[in-house]
Amino acid sequence: MIKSLDPRVTRAEIEIENPIAPLNELDQWETYEVFHQKKRGDQHMHVGIVHAPNAEMAFLFGKEQYGRRGFSVNIWVVKTRDVFASEYDDSDIFDTVPEKQYREAGGYKVMEKINKYKKGV
Amino acid sequence: MYGNAYIDPNDKAAAMIANEDPQKLEAFEKRIAAGEKIEPKDWMPKEYRKQLIRMIEQHAHSEIIGALPEGTWITRAPGFRRKLALMAKVQDEVGHAQLLYSAAETLGKSREAMINDLIIGKSKYSNVFNYPAFTWADACIIAWLIDAGAIINQVANAKGSYGPYCRALDRICTEESFHLKYGHDNVVTLATGTQKQREMVQGALTRWWPPIMHFFGPSDKISNHTEILMRWKVKMASNDDMRQQFLNMYVPKIWDLGLVIPDPNLKKNEEGVWEYTEPDWDEFKKVINGGGPCNAERLAVRRNAEERGRWVREALNTTESKYIVPLA
């Protein structure tokens with residue numbers, strides 16, 4: 001029995017040799033991805049994960065873990081396995097080509113035309 | 001709060017990158033050199049993954065075990081405000097463990113596997129938590145100086161290369177700043193108090209100085225091994241550099257309070273480098289390998305908590321649960 005400096009430990013009557021069976025797979029449940037909104041008007045942002053047996057518990061843990069110092073006004077939790085994500089190896093799918101200037105504000109240059117027109121008038 | 005990952009000095013540098021695809025390795029190192037972060041599903045050398053798992057896992061265990069000597073003092077903290085503050089601090093530490101376990105999991109080791117390795121005594125955690133907190137003043141010295149050391153380590157590591165670990169550390173550092181202030185406030189209260197209070201805090205400092213000097217780990221000579229870990233931004237500063245930084249920041253603050261550091265050789269030399277009596281590294285090794293005053297109690301308490309909570313976790317579990325590695 002542990003005689004500890006900690007009276008709570010002594011009261012718990014814990015054997016110093018107390019081997020336990022290893023935790024099984026899923027003992028700590030699956031994971032949820034947590035998103036929070038810092039203040040009204042902001043986007044929700046990913047802040048991390050929690051382990052939980054269901055969405056309600058994930059919400060509670062998420063609130064405790066990521067919102068306990070008043071940094072959140074709203075929280076979402078989503079099962080990790082329900083997130084459909086791109087691979088970093090495929091990040092070239094986001095590449096663009098120089099020809100697509102027609103989608104950019106910088107692709108439109110009108111001053112030259114205006115000046116030419118003014119001179120001609 | 002945390003010191004430094006204990007890295008086996010016998011690990012061979014050459015073996016670290018053996019059998020790695022040279023092209024992928026080059027791209028990986030280029031990305032790190034450019035200051036980009038590595039994310040969980042990126043290609044990474046096996047040794048990078050292994051060292052990070054070990055380091056983040058040890059860090060997580062340290063937060064959990066570190067909460068034990070401090071938690072001891074919740075019921076006996078002097079005054080209601082200090083009880084509340086200490087409870088908040090202990091909750092923070094346990095929350096840090098959750099963040100860190102999550103970061104380690106993204107590298108492919110499950111949380112259950114990490115907890116199992118802790119409770120059978122296979123994994124390490126910060127050595128300081130194998131010492132007892134004899135008096136309230138010990139808890140104050142821990143909250144001030146151990147957390148101060150932890151912040152130095154964590155601020156350095158937050159600039160590392162692994163995205164999930166950096167993100168966890170940013171959050172942790174914000175919370176640790178309250179711990180430091182809280183600890184300092186408590187130490188100042190004792191040091192500026194009655195004769196008895198001053199004796200108490202001096203006693204605690206005298207007891208905790210050797211573990212504090214051990215905190216950053218033994219002097220690490222620049223080996224190829226450390227050099228690679230530093231190039232990969234797994235290790236951000238040498239143990240000696242962090243110890244120097246700590247002494248530079250905190251020795252003057254301790255002396256300000258008229259407290260005596262139990263090392264007659266401690267002084268800053270003309271080059272601005274702190275000189276001190278070499279800590280007893282045999283003692284350090286003995287304690288880290290299980291021979292400290294509290295190792296057995298810490299793990300027994302931890303096992304007890306797992307065992308008593310097991311039925312709750314099982315009752316909440318649903319058959320449709322399915323584990324996949326978290327994304328970020």
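The following exchange concerns a predicted model.

Modeller: Residues are numbered from 1 along each chain as its sequence is written, with chains lettered from A and ligands numbered from 1 in the order in which they are written. In this predicted model, local features need pLDDT of at least 70 and side-chain atom pairs count only at pLDDT 80 or more, while totals for chains, interfaces and linings use all residues.

Biologist: Which helix gives the most to the largest nonpolar core?

Modeller: A nonpolar core joins buried Ala, Val, Leu, Ile, Met, Phe, Trp, Tyr and Cys residues through C-beta atoms within 7 Å; buried means 20 or more other C-beta atoms within 10 Å of the residue's own, C-beta atoms being placed from the backbone. The largest such core has 74 residues, and B:Leu100, B:Cys140, B:Ile141 and B:Val201 have the most contacts inside it. With 13 residues (136–157 being its range), the leading contributor is helix H6 of chain B.

Biologist: Where does H7(B) bend?

Modeller: Helices here are DSSP runs (H or I, at least four residues), numbered from the N terminus. H7 of chain B covers residues 163–191. The bend, an angle between axes fitted to the seven residues ending at a residue and the seven starting there, is about 25 degrees and falls at B:Thr174.

Biologist: Which helix gives the most to the side of chain B that touches chain A?

Modeller: Contact requires C-beta atoms, placed from the backbone, within 7 Å. Chain B contributes 35 residues and chain A 36 residues. Helices H4 (80–105), H5 (111–119) and H12 (295–316) of chain B each supply at least two residues of the chain B side. The most, 10 residues, comes from H12(B).

Technical notes. Buried ≥ 20, exposed ≤ 12 C-beta atoms within 10 Å, placed from the backbone. Contact = placed C-beta atoms within 7 Å. Expected span 1.5 Å × (residues − 1).
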